[in-house]
Amino acid sequence: MNKCLKYSQTWRLSFNVIKSKRVVIGKCLLNVKPDWNLATQIMDTVESVNILGTIFHSSAKSETHIVERMKACLCTNFGLQGSGMPYPGLDSDTNAHLWRTMCCPTLTYGTDCIDKMEAQQGTLVKQCIDVSKRNHHTTILNALEIQPLQIVIRQQTISLFSRIFKVDSQIKHIFITLLA
């Protein structure tokens with residue numbers, strides 16, 4: 001915090017304490033909870049904070065983030081209804097392509113937990129092609145060549161690490177140290 005404050009003073013920037021929040025993740029092991037100050041003002045402590053679409057919760061669980069991603073995916077799916085995505089609008093291949101390029105990235109953004117998202121993916125895809133919700137979605141997703149979310153997330157993670165290791169940066173050195 002002091003480094004940020006010093007940087008802002010050097011470059012004549014100002015932080016807005018109203019927009020600045022802090023989250024204590026996990027149990028606080030201190031007897032007296034410390035106050036965090038930004039200059040002379042005390043920062044608010046909140047249960048969760050949304051940083052670029054990723055929600056960090058004080059419980060260190062991803063439940064809040066997953067619920068928000070599911071809501072965003074529903075909004076994306078609803079927004080595509082004007083294009084004919086729900087049955088009987090577009091053909092199955094086009095629906096599968098829209099799912100892979102629009103809905104799936106919205107659903108998986110910033111996640112590492114996919115328990116509930118797999119079911120959400122299956123439900124929405126079945127709705128798009130007008131298949132009963134009682135059908136198993138694994139065979140339907142395979143027939144449409146839609147990858148399971150585990151594979152999508154794994155590919156995104158591999159791509160991220162590949163990009164990290166191509167650039168000489170602090171995070172690259174941290175990962176190399178952790179892997180050693």
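## A predicted chain of helices and strands

Aspartate 130 sits in the loop between α4 (115-128) and α5. Its phi is near 55 degrees, a positive value in a residue other than glycine. The model is predicted, and aspartate 130 is one way into it.

**Confidence**

How confident is the prediction across the chain? The average pLDDT is 78, and 93% of the residues score at least 70. Confidence varies along the chain. Helix α5 (residues 137-143) has the highest mean, at 83. Helix α7 (residues 170-179) has the lowest, at a mean of 73.

**Overall layout**

The chain contains seven helices and six strands. Reading from the N terminus, the order is α-β-β-β-β-β-β-α-α-α-α-α-α. One helix comes before the strands, and the other helices follow them. The radius of gyration is 21 Å, well over the 16 Å from the globule rule for 180 residues, so the chain is more spread out than a compact globule. The C-alpha trace spans about 60 × 35 × 35 Å along its principal axes.

How much of the chain is buried? Of its 180 residues, 28% count as buried. Contacts also reach across the sequence. Among those between residues at least 6 apart, 53% join residues at least 24 apart.

**Helix α3 and its partners**

Two packed helices are described by the angle between their axes and the distance between the axes. Helix α3 (residues 92-108) packs with α6, and its axis also comes within 7 Å of that of helix α2 (residues 63-79).

Take α2 first. The axes of α2 and α3 cross at roughly 155 degrees. An angle over 145 degrees counts as roughly antiparallel, so α2 and α3 are roughly antiparallel to each other. From α2, the contact uses Arg69, Met70, Ala72, Cys73, Thr76 and Asn77. From α3, Trp99, Met102, Cys103, Thr106 and Leu107 meet them. The residues of this contact divide into seven nonpolar, three polar and one charged.

Now α6. Helix α3 and α6 pack at an angle of about 75 degrees, and their axes are 11 Å apart. Angles of 65 to 115 degrees count as roughly perpendicular, which means α3 is roughly perpendicular to α6. Cys104, Leu107 and Thr108 make the contact from α3, while α6 supplies Leu149, Val152, Ile153 and Gln156. Five of these contact residues are nonpolar, two are polar and none is charged. Leu107 of α3 takes part in the contact with α2 and also in the contact with α6.

**Buried and exposed residues**

Which of the residues below are buried, and which are exposed?

| Residue | Location | Relative accessibility | Class |
|---|---|---|---|
| Serine 8 | helix α1 (residues 2-10) | 4% | buried |
| Asparagine 95 | helix α3 | 4% | buried |
| Valine 152 | helix α6 (residues 149-166) | 12% | buried |
| Arginine 12 | loop between α1 and β1 (21-22) | 77% | exposed |
| Aspartate 130 | loop between α4 (115-128) and α5 | 53% | exposed |

Valine 152 has a relative accessible area of 12%; buried means under 20%, so valine 152 counts as buried. Apart from residues up to four places away in sequence, valine 152 touches Cys104 and Gln147. Cys104 belongs to the α3 side of the contact with α6. The C-alpha atoms of valine 152 and arginine 100 are 9.6 Å apart, although 52 residues separate the two along the chain.

Serine 8 is buried at 4% relative accessibility. Setting aside its neighbours within four places in sequence, serine 8 contacts Leu13 and Phe15.

Asparagine 95 lies in α3. From C-alpha to C-alpha, asparagine 95 and threonine 76 are 13 Å apart, with their positions 19 residues apart in sequence.

**Two positive phi values**

Most residues other than glycine have a negative phi. What is the phi of arginine 12? It is positive, at about 55 degrees, although arginine 12 is not a glycine. Arginine 12 lies in the loop between α1 and β1. At 77% relative accessibility, arginine 12 is over the 50% cut-off and therefore counts as exposed.

Aspartate 130 brings us back to the start. Its phi is also positive, near 55 degrees. Aspartate 130 has a relative accessibility of 53%, over the 50% cut-off, so it counts as exposed.

Terms used
Residues are numbered from 1 along each chain as its sequence is written. This is a predicted model: local features need pLDDT of at least 70, side-chain atom pairs count only at pLDDT 80 or more; totals for chains, interfaces and linings use all residues. Side-chain values use heavy atoms; hydrogens and water are left out. Helices (H or I, at least four residues) and strands (E, at least two) are DSSP runs, numbered from the N terminus. Buried means under 20% relative accessible area, exposed over 50%, partly exposed in between (1.4 Å probe, protein chains only). Contact means heavy atoms within 4.5 Å. pLDDT is the predictor's confidence in each residue, from 0 to 100. Axes are lines fitted to C-alpha atoms, for helices over the stretch in contact, and angles run from 0 to 180 degrees between N-to-C directions. Angles under 35 degrees count as roughly parallel, over 145 as roughly antiparallel, 65 to 115 as roughly perpendicular and the rest as oblique. Ala, Val, Leu, Ile, Met, Phe, Trp, Tyr, Cys and Pro count as nonpolar, Asp, Glu, Lys and Arg as charged, and the others, Gly among them, as polar. The radius of gyration is taken over C-alpha atoms; the globule rule is 2.2 Å times the number of residues to the power 0.38.
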